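I sat down today with a fresh notebook page and a new model to look through. Here is what I looked up, in the order I went.

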Amino acid sequence: MRWHVISAVSSRNVKQYFSGVLGYLVLIAFVLCCAVLAFSSQFFADNLANLDQLSQRFPLLLLFFVPAISMSVWSEERRSGTDAILFTLPASNVEILLGKYIAVSVVYSIALLFSATQLVALSIIGNPDWGVIFSTYIGYWLAGLALLSVGMFASSLTSSSTVSFILGSLFCAIPVLVFGPYFRGYVNLEILGIDWNLRDFTLGLVPLSNGMYFVSITLVMLYLNLVVVTRRHWSRGQQLFKWLHYACRVTSLAVFMIGLNYVVATVSASLFTRLDLTAEQLYSLDEATTTTLAKARENDQPITVQAFISGDVPRKFVDTKKQFTGLLRQFEYFGGKNVEVRYVDVSSNSEAEQQARQLGIEPQTDRSEVGGRIIEQDVYLGALISTPQGEVAIPFVDDDVSIEYELTHAMAISSDKDRKITLGILDTDTFFAGPEYEGRRIPWAYETTLTELKKQYRVKTIGQEALSDYIPTQNDTKSNGDPAEPKKTPPDVLLVADPSSLAQGPMDALEKYIENGNPTILLADPLPFFWTSRNPTDLGVLNSPRQPRVASFSPYAQILTSTSEPKSEEGKLTQINRLLGIEWDNGTVAWNLLNPHPSFKGSGPMGGPWPEYYGRFDSAFVFVQPHGDHQPFAVTDSVSSGLKELLFFYPGSIYPIKGAKTTFTPLITLEEESGVTPWDRLVFTPSTTSRGFDPNTGRTTVTEQNARNRITEEDLIVLKPSSEASLELDPEEHVLAAHIQGTESSNLNVIFIADTDFLSDLFHEQQTAIGQKLDNTTLLYNAIDVLAGYQGFVALRNRRPTPRTLTQVEKRVERFRTERTKRQEEIESDLRQQLSEAQADLEKAADKIEQDRSLSFFEKMQQTSQEASQAQRRFDIKKERLDKQLELEVNRLETEEKNNVNRLENWIGFISIGLAILPALLLGTVVLIVKTINERSQVKPTRRAK
């Protein structure tokens, strides 16, 4: 083949295409359609800076624009008779065919390049992942090139451009429609469609197998073009024979390409030949995942994934759904024949929904506003992993834990039950696993976290008296002199919440247990806040290390105490501190002034504001998040390296002791704007006043005494109101969590966290109020996995993407919301003032009657009753009127806010579309003007109209 011949043919066709206005109109129309689809109303509803809305309809767009580009390639030559001249040139059929194909490809590439102008607007209003955008355009380009060969084939069959356009659309409809939406779910047919093979490109991947699909279509259709073009050489007597001959050739080529695609897909799955262009490498499967899939292939173990996914999901689940389906495709691709993914579209009140609930797939109910109405919707994003060894359900995938981790962990557990980590929870006064009441465990302060732990691990509770069974005695030895095995096999990891509450015997056993190298997590809290937040005036602070244990005669002792014996060393945890080489003061509380959520000031009872008697917000809430130059998380330790934000409640702090024979690795630290406060400056015991009559003196006596806790019958200890608490900055570094390991001959392996409330239901309540997932439970999961030796799952869990949202739109919407909230508060304050004045008038009228000495007691009662009745009636009428006025004003403000948001979105969409088509429009206008001028210049002056 001669390149100069091919380029001459292609150059001729490109010039012909853009020699008239029609070519530029098609270009402008293509760019306009791309922009309209990209910036649709759903684009703003999803709030994601990507081209998903365009990608969903791009194959349909090609269904019309590809035939528009290719319809005249052969048909116009045949209609005008120039095909005879073309084929008499010193060029082979293949060279002419390739020249024409390159010409239409150049035209399409130019159109696609002009459509990229929409990315300017996308970058202004959002934070797109440019790797995903680039791979998406690669997919667009390959899909268009493949369909152009189909359109050229249609053009070769007729001399009419109109018929060519219709035939091209019909032929393109086979890979676009027939193997697309109509057969969605039937994977064997769907993989033959454009939509299926384009989808990976839109996720940020450049897969070799999907690229091979587009190349295969192109080669087969170009060969069909060649067959039709060369048929002019066939004699009439050879027509039937030639058609049969070339039909066999085409069939053989198609079979060969199908086989080649299968080989490429198989080899690609083994060699992981998929280029991941996402900024955070979201779809580059972790080593733990690839190992799990490789093991399934080696053992020829089938893995079936039934993914239950809602068709339409609210905005906050759109990105999660995309990642979920994208990773499922990756698992299916790399798992090969051993992994089968079945997608089940779940709609309300359907059989699929009933099946999902029966299999343990739980929906998440979302309440969102659509068109001015509150819509409550059950969203399904779960999966059932099945292997011959068992089944594991993922009730709902969420963005607080890596989706890849959820899938890989479920596959590993379902295929190998022994891989599930055993987590032992020691019973203490905190009762992390819930107290045992009448022979069963009852839900307690950590029920939400405990429920999640049971999904991830094999959880078992261990009584204090049973802890010694997991420790070999010093007198028992094997025949070779080694220590004997314990009576019971220790759990992979032991969790001890509030070890300072242990009595002396269990404390000695815990010390020995840790000394033997058994992995342990210690949660030591100087000021447990959970019970305080439930009833601060009657319960106060309960079960803190400095307080004595609840008395055995208390009716609540069974659920608040793990033993009747006194605490070891008055709750100072001296033995464990000495063993670990650390200092932990049970009477010192750490705090931090950082609050990354300025509008959040704590959620009090029933969702109300944070009460003053809960203490200072700055003391109670300790947010931990990277800020400025401070990195609070140890990036060298996998337990904390992937964390983003934590929330603690009145935590303690720990420090290493000089000369300790342990390795102290800080995991979480506080530096700037932080400090510690002694226990006695945070709490106090209120006093109560009682009055009595002394019959001997005839005087009333007043006695003050300490308030009593109605549960412990001890002095009530409560937090100082926020107005009385003071904070002093401390420049020192305060460690909230650390990984402590032995050196030389010691096998110590402990993670010490100076708080327990960060895992309580109180934390989950605050997290809901903030409206953002925090990493408290992730910290616990990482600690368990690292101590148990499963590092791979930790790396998986830490992989969480950064949301790519429309940041500028969010800022403007937040501004509208802030203005509306401020105005609403002003109106409410004004109305409350009017109600207060009405109430004051009511009280003033009653006082006036009471002070009138001319009235008798019964007259005062009568007038007071009448005046009170009339005033109350006036007050009720005014209150009803003000309440209606408030409701109307709030509705007006909300409507105004919605209108502002709609106008903003419409304006941004209009500007974005205008920016996108502007270059193509300018080019077409300039070319039209130049062409008109050139034509007029060639006309003789005598022939011009006057």
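**Entry 1: the nonpolar patch**

I began at the surface, where V120, I124, W907, F910, I911, L915, L918 and L922 make a nonpolar patch of about 790 Å². I kept in mind that this is a predicted model.

Next I asked which helices each supply at least two residues of the patch. They are α8 (118–125) and α29 (857–937). The most comes from α29, which gives six residues.

I picked out L922, which sits in helix α29. Its relative accessible area is 48%, so I noted L922 as partly exposed, since exposed would need over 50%.

**Entry 2: the cavities**

Then I turned to the inside. Rolling a probe the size of a water molecule over the atoms shows where empty space is left. Searching the whole structure, I found five cavities of 30 Å³ or more.

The largest cavity holds about 220 Å³ of space. I counted 16 residues lining the largest cavity, and D129, V132, D319, K322 and R804 are the closest to its centre.

What kinds of residue make up this lining? I wrote down eight nonpolar, three polar and five charged. Helices α9 (130–155) and α16 (315–335) each supply at least two of the lining residues, and α16 has the largest share with three.

**Entry 3: the salt bridges**

Side chains of opposite charge can pair when their charged atoms come close. My tally for this model is 12 salt bridges.

K322 caught my eye again, as K322 forms a salt bridge with D52, with 3.0 Å between the closest N and O atoms. This pair links distant parts of the chain: K322 is in helix α16 and D52 in helix α4 (residues 52–70), 270 residues apart. Are these two buried or exposed? Both K322 and D52 are buried.

I then looked at R199 and D195, whose side chains meet in a salt bridge at 3.0 Å, N to O. They are four residues apart in helix α12 (residues 194–203), so about one helical turn separates them. R199 is partly exposed at 24% relative accessible area, whereas D195 is buried at 16%.

R357 and E353 also form a salt bridge, at 3.9 Å from N to O. Here too I noted about one helical turn, because R357 and E353 are four residues apart in helix α17 (residues 351–358). R357 is partly exposed at 46%, while E353 is buried at 8%.

My last note for the day is that E353, R357 and D378 are linked in a network of salt bridges.

Notes. Residues are numbered from 1 along each chain as its sequence is written. This is a predicted model: local features need pLDDT of at least 70, side-chain atom pairs count only at pLDDT 80 or more; totals for chains, interfaces and linings use all residues. Side-chain values use heavy atoms; hydrogens and water are left out. Patches are made of residues with over 30% relative accessible area and no salt bridge: like charges are joined within 9 Å, nonpolar side chains (Val, Leu, Ile, Met, Phe, Trp, Tyr) within 5 Å. Accessible areas come from the Shrake-Rupley method with a 1.4 Å probe; for residues, only the protein chains shown count as cover. A salt bridge is a side-chain nitrogen of Lys or Arg within 4 Å of a carboxyl oxygen of Asp or Glu. Buried means under 20% relative accessible area, exposed over 50%, partly exposed in between (1.4 Å probe, protein chains only). On a 1 Å grid over the protein atoms alone, a cavity is a set of points where a 1.4 Å probe fits but cannot get out, and a pocket is an open set with protein on both sides within 12 Å along at least five of seven lines; lining residues have an atom within 4 Å of a point. Grid points are joined across faces, edges and corners, and a volume is the space filled by probe spheres set on the points. Ala, Val, Leu, Ile, Met, Phe, Trp, Tyr, Cys and Pro count as nonpolar, Asp, Glu, Lys and Arg as charged, and the others, Gly among them, as polar.
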